[in-house]
Amino acid sequence: MASLFNDWNNVVAPARNELVFEDRNQAYGAYSLRKNHNKNVGIALLISGAFFVLLVSAPAIIAWIQNKTQVETPAIEVTQLDLLPPPPLDETVPPPPPPPPPPVMETVKFTPPVVTDDEVVDDPPPVQTDETPQISTVTQEGTDDAIIIPKEKGPAIVAPTVEAPLSYVEQMPTFPGGEEAMQKFINEHVVYPQIEQEMGITGKCYVTFVVEKDGEITSVKILRSVADGPGYDKAAINVVKAMPKWKPGKQNGRTMRVQFVLPINFTN
């Protein structure tokens, strides 16, 4: 091995370096690199071998560290509890008496009149008492001691019926002055939101509402919003609510409630 490094054909042979760099500056440059070449190669081989050994044994080292740091979990002892049976029932104790029946109000069965051709004999009038019995489907005697307060019959409350709005009628509702007047009203009264204008957001918003029989605008809602422009929804609702009364729609000559969809285009 020593003869190999000292061979004249070897570029880094010490004898060759001494002869080549004789009477020259040997503090740096090629002389220094050739002189320390064998040493640097040995150090590099040593480091590479150590790194390879560490890389191969890494899984075993990690497993050993995990086994050392793993804390054993203490076993939990479960004790089985034996439940005691319920106490026996005392058969000598009598059951509680049943509740008394509710009081019965005296009533007289209502008999519907019968139409006949025979002569009708009037029945004797009923015996007048201080209290008039209630009319019912059966005749029964009331409880003497019980005080029964009959339910008061108030006036019948009839909820007003509201017709559902129609989506289409023969004569659809119209804005006063027509479609051009409506577009002019929207352009003059709509308030553009500042944020959407600064961001350059545009789009079309669809508003649905109901034109009542008297032309009033009710149930104003957003059917489809402008993407990334929530401020346009509020602006569209406000301008529709500010509209004057419309000319109501008609079906077969009758004034009807009509649901209307209005598109509003927002542009910068």
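These notes cover the overall make-up of the chain, one sheet and one surface patch.

1. **Model and make-up.** The model is predicted. The chain holds eight helices and seven strands. Buried residues account for 17% of its 268 residues. The accessible surface of the chain is about 22700 Å². Carbon and sulfur atoms contribute 59% of that surface.

2. **Contacts along the sequence.** Take the contacts between residues at least 6 apart in sequence. Of these, 72% join residues at least 24 apart.

3. **The sheet.** Three strands make an open sheet, in the order β4-β3-β7. Their pairing is antiparallel. β4 (217-224) and β7 (258-266) are the edge strands. Each has a single partner strand, so one side of each lacks a neighbour in the sheet. From one strand to the next, the twist averages 25 degrees.

4. **The β3-β4 pairing.** Strand β3 spans residues 203-211 and pairs with β4 over five bridges, in the antiparallel sense. Within this pairing, V211 sits opposite I217 of β4. For background, strands of a sheet pair through backbone hydrogen bonds, in either a parallel or an antiparallel sense.

5. **The β3-β7 pairing.** On the other flank of the order, β3 is joined to β7. Nine bridges link these two strands, which run antiparallel. One residue to look at is T208, whose bridge partner in β7 is V261.

6. **The two faces of β7.** Which side chains of β7 are buried, and which are not? V258, F260, L262, I264 and F266 point to one face and are buried. Q259, V261, P263 and N265 point to the other face and are not buried. In a regular strand, side chains alternate between the two faces of the sheet. V261, the bridge partner of T208, is thus placed on the face of β7 that is not buried.

7. **A nonpolar surface patch.** L54, I61, W64 and I65 form a nonpolar patch on the surface. Together they have about 410 Å² of accessible area. Which helix supplies the largest share of the patch? Helix α5 (residues 58-69) does, with three residues.

8. **I65 within the patch.** I65 lies in helix α5. Is I65 buried, partly exposed or exposed? I65 has a relative accessible area of 42%, so I65 counts as partly exposed. The cut-offs behind that call are under 20% for buried and over 50% for exposed. Membership of a patch requires over 30%, and the 42% of I65 satisfies this.

Methods:
Residues are numbered from 1 along each chain as its sequence is written. This is a predicted model: local features need pLDDT of at least 70, side-chain atom pairs count only at pLDDT 80 or more; totals for chains, interfaces and linings use all residues. Side-chain values use heavy atoms; hydrogens and water are left out. Two strands pair if DSSP finds at least two bridges between them. Helices (H or I, at least four residues) and strands (E, at least two) are DSSP runs, numbered from the N terminus. Axes are lines fitted to C-alpha atoms, for helices over the stretch in contact, and angles run from 0 to 180 degrees between N-to-C directions. Patches are made of residues with over 30% relative accessible area and no salt bridge: like charges are joined within 9 Å, nonpolar side chains (Val, Leu, Ile, Met, Phe, Trp, Tyr) within 5 Å. Accessible areas come from the Shrake-Rupley method with a 1.4 Å probe; for residues, only the protein chains shown count as cover. A salt bridge is a side-chain nitrogen of Lys or Arg within 4 Å of a carboxyl oxygen of Asp or Glu. Buried means under 20% relative accessible area, exposed over 50%, partly exposed in between (1.4 Å probe, protein chains only). Contact means heavy atoms within 4.5 Å.
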